[in-house]
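Student: I would like to go through this structure one local feature at a time. Please give the reasoning before each answer.

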Amino acid sequence: MTAFIQVVVNVPAVSGIFDYSIPESLLGQVGVGHLVIAPFGKQTVQGVVFRFIDQPSVPEVKEIIELVDPAPVMTQAQIALAEALAESTLSSLAAIVGLFLPVGLSQEADVLYQTIDDRPLTTEDGQPSVVQRRLLDLLSERGPLRGRQIDTHFRKVDWRRTAGYLVRKGLLAARSVLPPARVRSKYVKTAQLAVAPEIAEAALDDLGKTASTQTRRKKALSFLMQVKEAVNVSWVYAESGCNLADLQELQERGLIRLFETEIFRDPLAETSRQVDRYAGKQVEELTPEQESALQEIRHAISSLETRQPFLLQGVTGSGKTEIYLRATEEVIRRGKQAIILVPEIALTPQTVHRFLSRFPGQVGLVHSKLSEGERYDTWRRARLGLLKVIIGARSALFSPLPDIGLIVADECHDSSYYQADPPFYHAVTAAQTYASLAGAVCVLGSATPTVVQRFQGEGVKGERGMKRLELPRRIFESGLPPVQVVDMREELKAGQRGIFSRFLLEELESTLERGEQAILFLNRRGTATYIFCRDCGYVLRCPNCDTPLTLHVEEKQRLLCHHCGYERGKPQACPSCGGKQIREYGLGSERVEAELRTLFPHVRPLRWDWETTRAKHSHEMILTHFAAHRADVLVGTQMLAKGLDLPLVTLVGIVLADVGLYLPDPFAGERVFQVLTQVAGRAGRSERGGKVILQTFDPANQVIQSAARHDVNGFYQYELGQRKRLGYPPFARLVRLEYRHRDALVAEEEARKLASKLTELLTTEHWPLLTVIGPVPSFFARIGGYYRWQIVLRGPDPVSVLREDSVSRLLKDWRVEVDPISLL
């Protein structure tokens, strides 16, 4: 009897699910969640089996070709989550499924190009064009290449159209191929004693013809007699000085056996050895508020009822992580696993250390800085149930744990949880959905939850109600640090024109004299925000993005674009008028560090921003360095607002609090308040106490005032009133539609065409309370060479409108963001 299945093929541009049959040779081997290879049109592609069906929807179905992995790559709960995400975000199911597969295992079909022998390298139109010649020369020199390999040689060049032309003219051949997986299991050669120790001991005196050979082999055999179990041959070489030939001879004599042993690449192997196991046995005494919150979460874990997500709102330093640890302990005791999400890699070192000390050997780490092999092996260990806790950024949510009992999203307000490239999704929202589907408990923790999260936690009827748990005070009696607001306009009037106010300089000096540490926060990186000509006013901009270039002194006076990565040297003369008065203006983290060194020559500063953390383990190195007091002042950008616990920090200086406050985005004020409150919370996290100095040019601004008073509740009420007045979330939902094109006129024309069609449909379809805002150019009107226009739909349920056939077919080339976190 033929078995039929539905497969989601790994072709992100294709939406939907397709019917296949299982060949006799694979019957009984293929099941739900398996990764298979199947024909798809003229291509051979990968796909994931989603379900068995009784009858296919088409009369003729193709057979799958082979099974990639004998174990399922997705669990039933993950399949349900993938379908829910595709439905709620309006993304293709194939694109969503790609999130669940480890990098390197998942492969998309590609096209293999090669030159055709004995054909003259000319076209009917004469000599080849520059791109044609480059492409033909590359393939003649390198041999057959796949499309994605050719991409690396033709950055920002549309070579595929040229290749298609050359294929039609018979100069190139092209065929579809499926590249092999880039990752595979890792094996090492191991050695093990193959006979009883008495037999091996009897053979020790006759192992070689020369004295040196005899000595090496005797040491190797003696070492293997001691360890008894299989050991990496590298250890045998190190202990005995022998080589592979010596071990092969011992194997020939039947004394040992050599074989390959699979090992897991564990990014935490070294960290696990460094963690002080004693620290894991120290149990903090909970405050009454912590105890109350933990009891609520424990009750939910043990309950069989439908579990409501928890919003754990606690001030900075109130002990949220200890609650996560104890809740994790409870689910592990019940034989289940936990996922702990943190917004950025910057937070993982501290979180990992705390969880490793409590659960040694049971923690896995997932984030983008790991190698493909490390991520693949962590994924496999999670699938096998060998790990009880997975910690990482948003991609950690898709680890295939067999029985999830707890999902935590720490610092749940953070924008890093939102994936800003297709497929768009918010990891915090996805975590709530996943917990519901898996029967797990979801805990969202933050000192400054978003207005929408707080609104849901207040018990007001919403799409996803949450239960709010409060931790209103720090676990140390010192309380929240006082905030001193400094009006920088008054500083200018007093003749203080430097980066730092007089008060901040005095407090920095006092802090350093006491042997304590300070943090200087600025929400910008670089040395100068833009470069301009004082003669004609010309501003140097990125040719791809039209945004001002930022000067980086450490990059040898390079000008960088923070959007697309374009870089160039600082010019000696103005490109517009030829003038020599090229000047830098603005403020960045590099300049703050340089100014600090000038004012305090003996200070030991450390900078923590995107430039200094590009290398693997750089976050952990900087954090460890500062925590060990090998630096006095930490200068950084938004990474400093990520829930770090640094007990020696008693002073936080916010160099310019106004950055980002006046952007044309309804969420701008909320973002600034969150980052200021979080950064202020880095001070005084021990009995030493601390203070915060906030420098601003707008001290009367409501956001600044609320942050200075640590007034989370007051800001929430203010912002909620503003949102209600303007009709923004949580009182309406938004969908952002963006169109990109290299031609500015085409981008504008397509945007106006869709806006006109949507407005027309509004009058005929009677969609209630739906508003079309735009079309307008995006705030960053050009990025990476593409012009951007956007339309925003606002209403109770704009997603349902976009599902209508009359609308969905208009969105083929549009980027669709449901519930965006920014409208810039």
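Student: How are α1 and α16 oriented to each other: parallel, antiparallel, perpendicular or oblique?

Tutor: This is a predicted model, in which local features need pLDDT of at least 70, side-chain atom pairs count only at pLDDT 80 or more, and totals for chains, interfaces and linings use all residues. Residues are numbered from 1 along each chain as its sequence is written, and side-chain values use heavy atoms, with hydrogens and water left out. The axes of α1 (residues 76-89) and α16 (residues 427-438) come within 9 Å and cross at roughly 135°. Angles under 35 degrees count as roughly parallel, over 145 as roughly antiparallel, 65 to 115 as roughly perpendicular and the rest as oblique, so α1 and α16 are oblique.

Student: What do "helix" and "axis" mean here?

Tutor: Helices are DSSP runs of H or I with at least four residues, and strands are runs of E with at least two, both numbered from the N terminus. An axis is a line fitted to C-alpha atoms, for helices over the stretch in contact, and angles run from 0 to 180 degrees between N-to-C directions.

Student: How do the residues in the contact of α1 with α16 divide by class?

Tutor: Contact means heavy atoms within 4.5 Å. On the α1 side are Ala 77, Gln 78, Ala 80, Leu 81, Ala 84 and Leu 85, and these meet Ala 430, Thr 433, Tyr 434, Leu 437 and Ala 438 of α16. Ala, Val, Leu, Ile, Met, Phe, Trp, Tyr, Cys and Pro count as nonpolar, Asp, Glu, Lys and Arg as charged, and the others, Gly among them, as polar. The division is 9 nonpolar, 2 polar and no charged.

Student: Is Leu 90, in the loop between α1 and α2 (93-97), buried, partly exposed or exposed?

Tutor: Leu 90 has a positive phi of about 60° although it is not a glycine. Buried means under 20% relative accessible area, exposed over 50%, and partly exposed in between (1.4 Å probe, protein chains only). The relative accessible area of Leu 90 is 28%, so this residue is partly exposed.

Student: And His 710, buried or exposed?

Tutor: His 710 sits in the loop between α23 (702-708) and α24 (712-726). Its phi is also positive, about 55°, although His 710 is not a glycine. With a relative accessible area of 18%, His 710 is buried.

Student: Does the end-to-end distance of α13 agree or disagree with its expected span, and what is that distance?

Tutor: The expected span of a helix is 1.5 Å times one less than its number of residues. For the 14 residues of α13 (residues 320-333) that should give 20 Å. The end C-alpha atoms agree with this, being apart by 20 Å.

Student: How many residues of α13 are buried?

Tutor: The buried residues include Ile 323, Tyr 324, Leu 325 and Ile 332. Charged side chains are on the list too, among them Lys 320, Glu 322, Arg 326 and Glu 330. α13 is mostly covered, and the buried count is 11 of its 14 residues.

Student: How is α12 oriented relative to α13?

Tutor: α12 (residues 288-302) and α13 pack with their axes 10 Å apart, at an angle of about 30°. That makes the two helices roughly parallel.

Student: How many charged residues are in the contact of α12 with α13?

Tutor: From α12 come Gln 290, Ala 293, Leu 294, Ile 297, Arg 298 and Ile 301, meeting Glu 322, Ile 323, Arg 326, Ala 327, Glu 330 and Val 331 of α13. By class there are 7 nonpolar and 1 polar, and the charged residues number 4.

Student: How are α7 and α9 oriented to each other?

Tutor: The axes of α7 (residues 211-227) and α9 (residues 244-252) are 10 Å apart, and the packing angle is about 70°. α7 and α9 are therefore roughly perpendicular.

Student: Which bond precedes Pro 423, cis or trans?

Tutor: Pro 423 lies in the loop between β18 (418-419) and β19 (425-426). Omega from Pro 422 to Pro 423 is near -5°, and the peptide bond is cis.

Student: What is omega for the cis bond between Gly 774 and Pro 775?

Tutor: Pro 775 lies in strand β34 (residues 771-783). A cis peptide bond joins Gly 774 to Pro 775, with omega about 15°.
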